[in-house]
Amino acid sequence: MLEVRRLRLLRELARHGTIAATARVCSLSPSAVSQQLSLLEREAGTALLLREGRTLTLTEAARVLVEHTEEILAELERARAEVAALTSTVSGVLRVAAFPTAARVLVPGAIARCRARHPDLRIRLTEAQLPDAITALQGGHVDLALVYGYSLLPRVREAGVEIHRLLDEPLLAALPAGLRSGEGTLALAELADQPWIAADRDDDLHEMLRRACGLAGFVPRLDFTSSDYTVIFALVEAGLGVSLVPRLAFESMSADVRLWEVAQPSLSRTVGAAIRAGSGRNPAIAAMLAALHRVADELPETA
């Protein structure tokens, strides 16, 4: 009999590559992970790992088990969700992870709606950026994660994860007041000589910025980064550079910053709610998804 918890460890090893990384994700010691994987090899009756010095490689048998593990975990999530759906009340604890702008703009209203409709449901919120939020979701540490993806970048499908699209928001160019006059749209090529300011710890945004500027014929000079949009807007207001900002960040905007729609190329960010495959019928998750959709639908076009 194959132990599901050990299969999960093998899946995490396939995803993260090393015993040490798997141990960190699963909140175990490296020796405990090694011991559990050795027991899984005995249960499977075949070698699962090839050890060459410090390098571990999964055997073909291990790769087959990992593929089936995703199906097994999804079926278990589906079974738990269907059992939970038999109850007449939405209760328990729902753990949510969200990146900062979603945590500020989308999540409070959704939690308030859930609390008003389901007073027995407790929602715990933690802030987490990608890819940490997906890792926490896959590892069972959270039940729902707010995620995003940018245009111009390929969409990566995460194994064992379903993503429910909430909204598509434009990325607008934030310029100091007086840098550009008139109305209408802006081509990024107009900003080729400007210093740039970007969100810190967002590798996807940096890559999208590089690609967008490359399509416009220049390489952006990135002078400043910050994880706080109030800081980004303050830097723009001070005339220290220009930036690309999503709609959810607008409420942090300084008064003396102008926003321009980018025409060439058109840029956007898609925000979604990620859950583990098979868990969508869980009443608590379904309630939070519905609340998030309502809040997203009611957002104004501009802040």
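Trainee: What lies over the face of Trp260, and how far from the ring centre?

Mentor: Arg180 does, at 4.3 Å from the ring centre. Keep in mind that this is a predicted model.

Trainee: What makes Arg269 count as a charge over the ring of Tyr148?

Mentor: The charged end of Arg269 is 5.0 Å from the centre of that ring. The cut-off is within 6 Å, so on distance the Arg269 and Tyr148 case passes.

Trainee: Why are Phe99 and Tyr148 called an edge-to-face pair?

Mentor: A search of the whole structure turns up two aromatic pairs. In one of them, the centres of Phe99 and Tyr148 are 4.7 Å apart, with 80 degrees between the planes. Pairing needs centres within 6.5 Å, and edge-to-face needs planes over 60 degrees apart, so Phe99 and Tyr148 meet both limits.

Trainee: Where in the chain do Phe99 and Tyr148 sit?

Mentor: Phe99 is in the loop between strand E3 (92–98) and helix H5 (100–105), while Tyr148 belongs to strand E5 (residues 144–150). They are 49 residues apart, and the pair links distant parts of the chain.

Trainee: What makes Tyr148 and Tyr150 an edge-to-face pair?

Mentor: Here the values are 5.5 Å centre to centre and 65 degrees between the planes. Set against 6.5 Å and 60 degrees, that pair qualifies too. Phe99, Tyr148 and Tyr150 form one aromatic cluster. As for burial, Phe99 and Tyr148 are both buried, and so is Tyr150.

Trainee: Why is Gly182 called partly exposed?

Mentor: Its relative accessible area is 40%. Buried would mean under 20% and exposed over 50%, so Gly182 falls in between. You'll find Gly182 in the loop between strand E6 (161–176) and strand E7 (186–187). Leaving out residues up to four places away in sequence, Gly182 touches Arg258 and Trp260.

Trainee: How do you know that the length of helix H10 agrees with what it should span?

Mentor: H10 (residues 283–297) has 15 residues, and at 1.5 Å a residue it should span 21 Å. Its end C-alpha atoms are 21 Å apart, so the two agree. Buried residues in H10 include Ile285, Met288, Leu289 and Leu292.

Trainee: What makes Asn282 and Ala284 a polar contact at the start of H10?

Mentor: A side-chain oxygen of Asn282 comes within 2.9 Å of the backbone nitrogen of Ala284. The limit is 3.5 Å, so the distance fits.

Trainee: How many residues does the contact between domain 1 and domain 2 take from each?

Mentor: The domain assignment gives domain 1 (4–83) and domain 2 (91–166 + 276–298), among others. Their contact takes 13 residues from domain 1 and 13 residues from domain 2.

Conventions. Residues numbered from 1 in each chain as written. Predicted model: local features only at pLDDT ≥ 70, side-chain atom pairs only at ≥ 80, totals over all residues. Heavy atoms only, no water. Phe/Tyr/Trp six-rings, centres within 6.5 Å; stacked < 30°, edge-to-face > 60°. Helix = DSSP H or I, 4+ residues; strand = E, 2+ residues; numbered from the N terminus. Buried < 20%, exposed > 50% of the residue type's maximum accessible area, 1.4 Å probe, protein only. Lys NZ or Arg CZ within 6 Å of the ring centre and 35° of its normal. Expected span 1.5 Å × (residues − 1). Polar contact = N/O pair within 3.5 Å; in protein donor to acceptor, adjacent residues only side chain to side chain. Domains from an automatic or database assignment. Contact = heavy atoms within 4.5 Å.
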